[in-house]
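This note is addressed to a colleague who is meeting the structure for the first time. Please view the model alongside the numbered points below.

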Amino acid sequence: MAALSGSGKSVFVNEMAYRYRSAGSKVWIIDVGRSYKNLCELMDGEFIEFADERQNTLCLNPFSMVVDINNDMEMLLPLLAEMASPREPLNNFCYTALASAIKQVWEIKGKNCTVTDIYELLRSGKISDESEKESQLMHMAVALEPYTKYGVYASYFEGPATIEFTKDFIVLELEELKSKRDLQAVVMQIIMYRITQEMYLDRSRRKIVIIDEAWDLMGSGSSGHFIEAGYRRARKYGGAFGTITQSVDDYYKTEATKASINNADWLFLLRQKPENIDRLGKEGKLTIDEWMKRQLSSITTDHGHYSEIFVHSPMGSGVGRLLLDPFSMMLFSTRAEDFERIKNMRAENGMTTEQAIEAILDERK
Ligand SMILES: Nc1ncnc2c1ncn2[C@@H]1O[C@H](COP(=O)(O)OP(=O)(O)O)[C@@H](O)[C@H]1O
Ligand SMILES: [Mg+2]
């Protein structure tokens, strides 16, 4: 899904997520900006909020998530490589050494391993007694330090992981990590892995993963590959994958994002900048004929009334209007005033989200 900011993407996705959940699906939403908090509360979901390291209570220790070390090396190795070298890929020697370090500490401590164990081993400069001291290993150790018990991010990685996904509606809110790029990329990778583990566990259960405003989250590291794999594989497991961004151009930034748009069956476009419609056609990013150009140019969002959505699907294309009832409008609203109103109403009167919205709507009558 792609459209300008404020055009109604998150409101539409609230409606969509609600429908998926009502039809029995398990829903995961990864968001930056709290657009799904009220819906999550109403659906009795799990709202997982990442906080600043000083207030953090969530633990994401990847070792404790391992089910089968041979399979899960697929997650652990790229993840630790990302921690050890966020800007560029590790060279062959380091990559292999890291793999061997992971195996060694795993054999000793299993699920009780933490990044600290890898760090201690690499810091010695040798991964076996016979080998020479190697400065490259010590450099990796230095880079891993923030993620160890000695580092600023210790609270996120020491001890057993605490994200469980026991509920059927799960929102992961990453707003607080926005200013910490490296940590954000690592966290995103771990979350994607945890979701993938569950996604491919049970084919009979329908599920959907939606990533809102995800581009800065998927930029680096291998989380892009999880998303790419998600688009390719999910449907075989009764799963669906959705991504939301402000511009179609974002889908052409990396190989992984290109794969995601090429593998997507459904494309939703809300309001676009008029000058972009022509350009996207010329650059081949959208297949646009005169009809589609007219359709796309005509779509608008009338705040508080409706949004218009161009839908491109295997069943055909066309424009639809999303007209919401007042309750849903208030529930899905991303406006700060509405959000505050609901929050205060709940706090002052000890109401549930549902009761608070009803009370606000009653006042307006
Ligand atoms: N279908 C709709 N009907 C009425 N108002 C809407 C609709 N969609 C969006 N809005 C209004 O526009 C605001 C911004 O929508 P939002 O979904 O947050 O935009 P985006 O995610 O594209 O930035 C909402 O808070 C709401 O006030
Ligand atoms: Mg939004």
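**Ligand 1 and its surroundings**

1. An oxygen atom of ligand 1 lies 3.1 Å from a polar backbone atom of G8. Please bear in mind throughout that the model is a predicted one.

2. Two further polar contacts of ligand 1 deserve attention. One joins a nitrogen atom of the ligand to a polar backbone atom of L322, at 3.1 Å. The other involves a side chain: a polar atom of T334 is placed 2.5 Å from an oxygen atom of ligand 1. On its own, ligand 1 has 560 Å² of accessible area, and the protein covers 93% of this.

3. Where does ligand 1 sit? The ligand occupies the largest pocket. Around it are 18 residues, of which G6, K9, S10, V11 and T334 come nearest. T334 thus appears both in this nearest group and in the side-chain contact at 2.5 Å.

4. The shell around ligand 1 may also be described by residue class. Eleven of its residues are polar, five are nonpolar and two are charged.

5. Which helix supplies the largest share of that shell? Helix 1 does, with three residues. Helix 1 spans residues 9-22, and strand 8 spans residues 306-313; each of these elements contributes at least two residues to the shell.

6. Turning to the protein chain as a whole, its secondary structure consists of 16 helices and nine strands. The chain is as compact as a globular protein of its length, because its radius of gyration, 23 Å, is close to the 21 Å that the globule rule gives for 365 residues.

7. Finally, the overall extent of the chain can be stated along the principal axes. Its C-alpha atoms fill a box of roughly 75 × 55 × 40 Å.

Conventions. Residues numbered from 1 in each chain as written. Chains lettered and ligands numbered in written order. Predicted model: local features only at pLDDT ≥ 70, side-chain atom pairs only at ≥ 80, totals over all residues. Heavy atoms only, no water. Near = heavy atom within 4 Å. Polar contact = N/O pair within 3.5 Å; in protein donor to acceptor, adjacent residues only side chain to side chain. Areas by Shrake-Rupley, 256 points an atom, 1.4 Å probe, with all protein chains shown as cover. 1 Å grid on protein atoms, 1.4 Å probe; cavity = no way out; pocket = protein on both sides within 12 Å on 5 of 7 lines; lining within 4 Å. Sits in = over half its atoms within 2 Å of the grid points. Helix = DSSP H or I, 4+ residues; strand = E, 2+ residues; numbered from the N terminus. Nonpolar A, V, L, I, M, F, W, Y, C, P; charged D, E, K, R; others polar. Rg over C-alpha atoms; globule rule 2.2 N^0.38 Å.
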